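Biologist: I am new to this structure and would like a close look at a single part of it. Could you take me through the nonpolar core and what surrounds it?

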Amino acid sequence: MKKKQFKKLALIIAPIILIIIIAVFIGLRTSNKKTEGKLDEFAKCLKDKGLVFYGAFWCTHCHDQKELFGTSQQYLPYVECSTPDASSQLQICQDKNIPGYPTWIMPDGSRESGGLSLEVLAQKSGCTLPQ
């Protein structure tokens, strides 16, 4: 009799557990999607205007530069210069003679080294910085 009751209980509980697992999975996927940031259009404009941001994943100044954009950093015209093991520079950055990080190259070919404020990027690009 106990075995029969256990099977009944398992048939009731198993679908409930499955529903909970699916709900948690869907919730995690939804929460991991990048939300639109207030600087999305600004970052897209920088790319459209031809600015390029060269950096390295291990560079703290590059990290700080990206953090200025919050979730909008996904739209930055960013080029990774470091090899995965952080031991050397990728060819694309060698070809551009990138000496350090971060380096911004403007459409006219001029360069700015170091982190730039949003205001400076707006001035150099002509992109409108949202209020």
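Modeller: The largest nonpolar core has 26 residues, and those with the most contacts inside it are Phe-42, Leu-46, Phe-69, Trp-104 and Leu-121; such a core is a set of buried Ala, Val, Leu, Ile, Met, Phe, Trp, Tyr and Cys residues joined through side-chain atoms within 4.5 Å, where buried means under 20% relative accessible area with a 1.4 Å probe and protein chains only. At least two residues of this core come from each of α2 (40–49), β1, β3 and α5 (118–125), the helices (H or I, at least four residues) and strands (E, at least two) being DSSP runs numbered from the N terminus. This is a predicted model, in which local features need pLDDT of at least 70 and side-chain atom pairs count only at pLDDT 80 or more, while totals for chains, interfaces and linings use all residues. Residues are numbered from 1 along each chain as its sequence is written, and side-chain values use heavy atoms, with hydrogens and water left out.

Within the core, Phe-42 touches residues including Phe-69, Leu-118, Leu-121 and Ala-122, not counting residues up to four places away in sequence, contact meaning heavy atoms within 4.5 Å. As for the strands, β1 (residues 52–55) pairs with β3 (residues 103–105) in the antiparallel sense over three bridges, pairing requiring that DSSP finds at least two bridges between two strands, and here Phe-53 has Trp-104 of β3 as its bridge partner. With β2 (residues 78–80), β1 pairs in the parallel sense, also over three bridges, and Tyr-54 stands opposite Val-79 in β2.

Conventions:
Buried means under 20% relative accessible area, exposed over 50%, partly exposed in between (1.4 Å probe, protein chains only).
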